[in-house]
Amino acid sequence: MKEKIAIKVDDLTVAYNFKPVLWDIDLSVPEGVLMAIVGPNGAGKSTLIKAMLDIIKPIAGSVEIFGKPYKKQYKEVAYVPQKGSVDWDFPTTALDVVMMGTYGSLGWIKRPGRKQKKEALEALEKVGMLEFRSRQISQLSGGQQQRIFLARALVQQASIYIMDEPFQGVDATTEKAIINILKELRKEGKTVVVVHHDLQTVPEYFDWVTFLNVKKIATGSVKDIFNDDNLTKTYGINYKVSVLQ
Amino acid sequence: MSVQEYFSLVFTDYTLRTITLGTAILGIVCGMLGSFAVLRKQSLLGDAISHAALPGIVIAFLITGAKNSNTLLVGALISGLIGTFWIKGIITKTHLKSDTALGLILSLFFGFGMLLLTFVQKMPNAQQAGLDKYLFGQAATLVESDVWLMGGVMLIALVVLVVFWKEFKLQHFDADYTKSLGFNTRFLDVVMTALIVLSIVIGLQTVGVVLMSAMLLAPAAAARQWTNNLAVMIFLAAVFGALSGIFGTAISATSNNLSTGPVIVLIAAFFVVVSFIFSPGRGLLFKQIRQWKNRNDLQLHKTLHFMYEIAKTHQDISHPHAVKILNNFQGYTKNSLKSLADREYITVDGPMWSLTPKGYEKAINLYNQQDNLLND
């Protein structure tokens with residue numbers, strides 16, 4: 001089942017001002033997995049996914065999406081940035097933000113029409129935000145903003161979903177809602193990559209995991225590699241998985 | 001001349017018409033493009049660009065010896081663009097933060113420009129060049145060809161904004177996401193920056209290097225207060241910009257010693273102040289009023305809740321209780337009892353009060369609302 005490679009990262013090295021943030025990363029993400037990227041602060045988790053998305057240019061190495069460079073495959077990939085990366089006081093509504101998910105398939109200049117609006121409304125319904133569609137986005141709670149971002153990615157109907165800390169600062173209800181949607185995506189055969197912070201929930205939520213701390217520590221199925229050895233190598237302190245599970 | 005006379009003359013008098021049209025168009029262009037600068041938190045970029053334009057003006061004069069504005073503005077455009085690219089270069093290639101880069105380029109170019117300016121003014125026969133008018137602008141020197149130029153820039157800006165509307169909106173909200181969708185954000189960035197540089201350059205003659213950034217920011221900041229819709233915001237900013245231009249020109253034309261540029265900027269600032277205080281959603285006044293009202297409501301709700309706690313121990317919720325027993329609770333005053341009675345939550349009969357069914361209902365819902373808030 002897990003033969004086809006969705007994302008292939010080769011010898012990837014990224015540096016900010018000569019300081020390496022990612023060092024020689026090799027990584028293959030099989031199609032259809034729900035993968036967590038875990039690692040301490042400053043481990044380069046966000047940088048790794050931004051490099052996958054061609055937002056950051058690496059100083060060496062390459063990324064392939066289903067065997068081709070990102071530029072040719074951007075319609076296959078949906079990105080959910082960190083909630084804090086945008087200004088939520090921007091003058092626009094929830095529906096409008098979700099509509100932005102259709103812009104990629106529309107391409108340059110063409111405007112969204114009735115079809116795009118319908119898709120956006122469906123995505124809003126899926127994340128349980130339909131009644132907030134005409135809300136100004138600054139008047140949404142943190143969890144609601146995160147759902148809007150998720151809805152925007154769902155509209156893209158991509159094969160790969162890449163998310164930067166979608167559970168950060170959301171309440172338990174929203175976390176449940178989001179993880180249910182991610183599991184549904186996996187059921188549909190989509191590949192989901194999530195930068196994740198809460199080690200406790202890794203075995204429950206994910207089936208695939210990558211340990212990252214500037215270098216790749218390990219990658220594989222949660223069953224096989226989510227153990228104290230890798231946690232200790234990644235975080236540098238003694239972890240006991242038995243406590244976590 | 002009074003302001004009324006001005007407005008009766010503006011359609012017939014050639015000079016007045018030219019200047020008014022020029023400042024109004026300038027206001028529209030700056031309002032539209034300034035909205036994007038404000039939303040992108042690049043308010044200072046305009047300031048840096050306008051200051052960076054000064055050496056270009058003087059160098060253009062030194063090379064060509066021309067005094068006509070179009071030649072000098074080409075010089076301004078070139079040095080403004082060079083300043084902008086240096087700023088972007090510094091931000092991407094060094095550790096320096098954008099505010100440092102902006103300040104550095106602003107003072108470097110402006111200092112160099114001032115140096116050249118004093119040099120030129122000491123040259124024999126250069127005195128009458130009047131280059132120093134570009135510091136604070138001089139609307140009276142506008143001629144018809146300048147207005148045509150401004151009109152051309154306005155048209156270009158309008159067409160570009162309409163054509164790339166979706167892309168600009170997306171990029172200004174979430175640049176990384178825009179990239180991930182396959183859009184060329186560098187192209188969008190260059191187009192928007194070029195438009196902003198153009199709008200600054202056409203304003204230098206009227207408003208001047210020093211105050212130009214206010215023309216970009218003030219109408220946009222004022223407009224943001226009144227709406228949560230980007231298109232409406234840009235339209236309002238254009239209107240505020242145009243009105244600033246028209247009224248600024250009117251006021252300065254009617255009193256001899258006021259120069260136009262600063263008056264226009266002050267009118268724009270007036271719009272900002274009024275908007276920040278009186279706009280309904282975000283204005284300070286209404287925010288304060290809402291806060292007072294909330295505080296009052298909260299106080300009443302506390303009292304009502306206390307009454308509910310007492311009343312619910314009785315079979316008949318409207319069973320009368322003595323006002324005295326509320327004394328243990330600090331939240332009540334005669335006024336608050338009266339407010340509650342006015343809202344028909346309670347009835348007061350001499351020293352006794354009793355909860356109405358409506359008040360009981362309301363008190364229960366207070367709880368539910370709280371639950372709803374927590375569930376959000």
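Helices (H or I, at least four residues) and strands (E, at least two) are DSSP runs, numbered from the N terminus. The structure is a predicted model, in which local features need pLDDT of at least 70 and side-chain atom pairs count only at pLDDT 80 or more, while totals for chains, interfaces and linings use all residues. Residues are numbered from 1 along each chain as its sequence is written, chains are lettered from A and ligands numbered from 1 in the order in which they are written, and side-chain values use heavy atoms, with hydrogens and water left out.

**Exercise 1. Place B:F173 and describe its surroundings.**

Step 1. Find the element: B:F173 lies in helix α8 of chain B.

Step 2. Classify the residue. Buried means under 20% relative accessible area, exposed over 50%, and partly exposed in between (1.4 Å probe, protein chains only). B:F173 has 4% relative accessibility, so it counts as buried.

Step 3. List the contacts, where contact means heavy atoms within 4.5 Å. Not counting residues up to four places away in sequence, B:F173 touches A:V86, A:D87, A:F90, A:V97, A:M100, A:I137, A:F149 and A:R152.

**Exercise 2. Describe the interface between chain B and chain A.**

Step 1. Count the residues: chain B brings 33 residues to the contact and chain A brings 36 residues.

Step 2. State the buried area, which is the accessible area (1.4 Å probe) that two parts lose on being put together, summed over both. The two chains bury about 3100 Å² between them, and 58% of it is on carbon and sulfur atoms. On the chain B side, B:K166, B:F173 and B:Y177 lose the most area to chain A, together 26% of what that side buries.

Step 3. Count the polar pairs. A polar contact is a pair of N or O atoms within 3.5 Å; within protein, one must be able to donate a hydrogen and the other to accept it, and residues adjacent in sequence count only if both atoms are side-chain atoms. Between chain B and chain A there are 15 residue pairs in polar contact (both at pLDDT 80 or more).

Step 4. Assign the chain B side to elements. α7 (144-163), α8 (165-173), α9 (175-180), α10 (185-204) and α12 (230-254) of chain B each supply at least two residues of the side that touches chain A. Of the elements, α8(B) gives the most to this side, with seven residues.

Step 5. Sort that side by class. Ala, Val, Leu, Ile, Met, Phe, Trp, Tyr, Cys and Pro count as nonpolar, Asp, Glu, Lys and Arg as charged, and the others, Gly among them, as polar. The side of chain B that touches chain A has 14 nonpolar, nine polar and ten charged residues.

**Exercise 3. Follow the salt bridges, between the chains and within them.**

Step 1. Apply the rule: a side-chain nitrogen of Lys or Arg within 4 Å of a carboxyl oxygen of Asp or Glu. This gives 19 salt bridges over all chains, and the count between chain B and chain A is six.

Step 2. Take a pair across the interface: A:D96 and B:K169 meet through their side chains at 2.7 Å, N to O.

Step 3. Take a pair within chain B: B:E167 and B:K166 form a salt bridge with closest N and O atoms 3.2 Å apart, and both residues are buried.

Step 4. Trace the network in chain A that links A:D54, A:K57 and A:K71. A:D54 meets A:K57 at 3.1 Å, N to O, and A:K71 at 3.3 Å. A:K71 is in helix α2 (residues 70-73) of chain A and A:D54 in the loop between α1 (45-52) and β4 (60-65) of chain A, 17 residues apart.

Step 5. Compare exposure: A:D54 is partly exposed at 22%, A:K57 is exposed at 55%, and A:K71 is exposed at 57%.

**Exercise 4. Work out the strand pairing around β3(B).**

Step 1. Two strands pair if DSSP finds at least two bridges between them. Strand β1 (residues 321-322) of chain B pairs with strand β3 (residues 352-355) of chain B in the antiparallel sense over two bridges. Strand β2 (residues 346-349) of chain B also runs antiparallel to β3(B), joined by four bridges.

Step 2. Find the partners of B:W353: B:H321 is bridged to it, and B:V348 stands opposite it.

Step 3. Inspect the hairpin of β2(B) and β3(B): two residues lie between the strands, and B:G350 takes a positive phi near 60°.
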